[in-house]
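Work through the exercises below with the structure open beside you. Try each task before you read its solution.

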Amino acid sequence: MIEAGSPAPEFTLKRGDGTDFTRSDLQGQTSVLVFYPFAFSPGCTDQLNLYEEVLDEFRARGATLYGVSCDATYSQTAFAEKLGVTIEQLSDFEPKGEACRAFAAYHPGGFAQRALVITGPDAVVQWSYQAASPGDLPGANLIFDALGD
């Protein structure tokens, strides 16, 4: 997993509207990249629902959350709409897993590892976490603790 103090790598993800999301989009804000394995899987559903429930608290601490998976943008959009989540989804579909690999959050099984990365306004990694297995769900308090007061 990418370590605190490392500059965020250069990467390109796709937003739901097809536009690029790159390292420069991290600048000027505190960002939380939420890497998750699969849209519509039970664990990922639970994780995004949980984070959505406390999204206002994340915003109050100045953090913007982004969901990142290797699913196609169409799948991510349908997933977010089905769940009713407003966390912006970013696709690492093609070339598959390239951004996940850059953050050292790519599972050898061909999907995003369940991981979290917080970057500061300077696009430098402030904190990172990778679950021991894709089935382990990192709670919201883990992120709140990492963001501090």
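The exercises that follow concern a predicted model.

**Exercise 1. A helix with two sides**

Task: Find which residues of helix α5 are buried, and which exposed residues its opposite face carries.

Solution:
- Step 1. Locate helix α5, residues 140–147.
- Step 2. Apply the cut-offs: buried means under 20% relative accessible area, and exposed means over 50%.
- Step 3. List the buried residues of α5: A140, I143, F144 and L147. They cover an arc of only 100° around the axis, so they sit on the same side of α5.
- Step 4. Turn to the face that points away from this buried side. There you find the exposed residues N141 and D145.
- Step 5. Look at what the buried residues of α5 pack against: β3 (30–35), α1 (42–53), α2 (55–60), β4 and β8 (115–119).
- Step 6. Go just past the end of α5. G148 takes a positive phi of about 75° there.

**Exercise 2. The nonpolar cores**

Task: State how many residues the largest nonpolar core has, and which of them have the most contacts inside it.

Solution:
- Step 1. Recall a general tendency. In soluble globular proteins, nonpolar side chains tend to be buried together.
- Step 2. Count the largest core: 22 residues. Those with the most contacts inside it are V32, Y51, F58, L65 and I143.
- Step 3. Ask where the core residues come from. β3, α1, α2, β4, α3, β8 and α5 each supply at least two. The largest share, four residues, comes from α5.
- Step 4. Zoom in on Y51. Leave aside its neighbours within four places in sequence. Y51 is then in contact with V34, F58, L65, I87, L116, P138, G139, A140 and I143.
- Step 5. Look elsewhere. Another core, of 21 residues, lies apart from the largest one, and Y66, V68, L90 and C100 are among its members.

**Exercise 3. Two strands and a helix**

Task: Describe how strands β4 and β5 run and how many bridges join them.

Solution:
- Step 1. Find β4 at residues 63–69 and β5 at residues 88–91.
- Step 2. Note their direction: the two strands run parallel, and four bridges join them.
- Step 3. Check one partner. G67 is bridged to Q89 in β5.
- Step 4. Add helix α3, residues 73–83. β4, α3 and β5 together make a right-handed β-α-β unit.

**Exercise 4. Far in sequence**

Task: Is E53 buried or exposed, and how far apart are E53 and A140 in space?

Solution:
- Step 1. Place E53 in helix α1.
- Step 2. Read its relative accessible area: 65%. The cut-off for exposed is over 50%, so E53 is exposed.
- Step 3. Compare E53 with A140. They are 87 residues apart in sequence, and 9.6 Å apart in space, C-alpha to C-alpha.

**Exercise 5. Unusual backbone angles**

Task: Find which peptide bond to P95 is cis, and where A104 and A123 lie.

Solution:
- Step 1. Start with the general rule. Most residues other than glycine have a negative phi, and most peptide bonds are trans.
- Step 2. The bond from E94 to P95 is cis, with omega near -5°. P95 is in the loop between β5 and α4 (98–102).
- Step 3. A104 is not a glycine, yet its phi is positive, about 60°. A104 lies in the loop between α4 and β6 (106–107). Its relative accessibility is 37%, so A104 counts as partly exposed.
- Step 4. A123 also is not a glycine and has a positive phi, near 65°. A123 is in the loop between β8 and β9 (125–130). Its relative accessibility is 0%, so A123 counts as buried.

Methods: Residues are numbered from 1 along each chain as its sequence is written. This is a predicted model: local features need pLDDT of at least 70, side-chain atom pairs count only at pLDDT 80 or more; totals for chains, interfaces and linings use all residues. Side-chain values use heavy atoms; hydrogens and water are left out. Two strands pair if DSSP finds at least two bridges between them. A crossover is right-handed if, with the strands pointing away from the viewer, the path from the first strand over the helix to the second runs clockwise. Buried means under 20% relative accessible area, exposed over 50%, partly exposed in between (1.4 Å probe, protein chains only). The arc is that of the directions from the helix axis to the C-beta atoms. Contact means heavy atoms within 4.5 Å. A nonpolar core is a set of buried Ala, Val, Leu, Ile, Met, Phe, Trp, Tyr and Cys residues joined through side-chain atoms within 4.5 Å.
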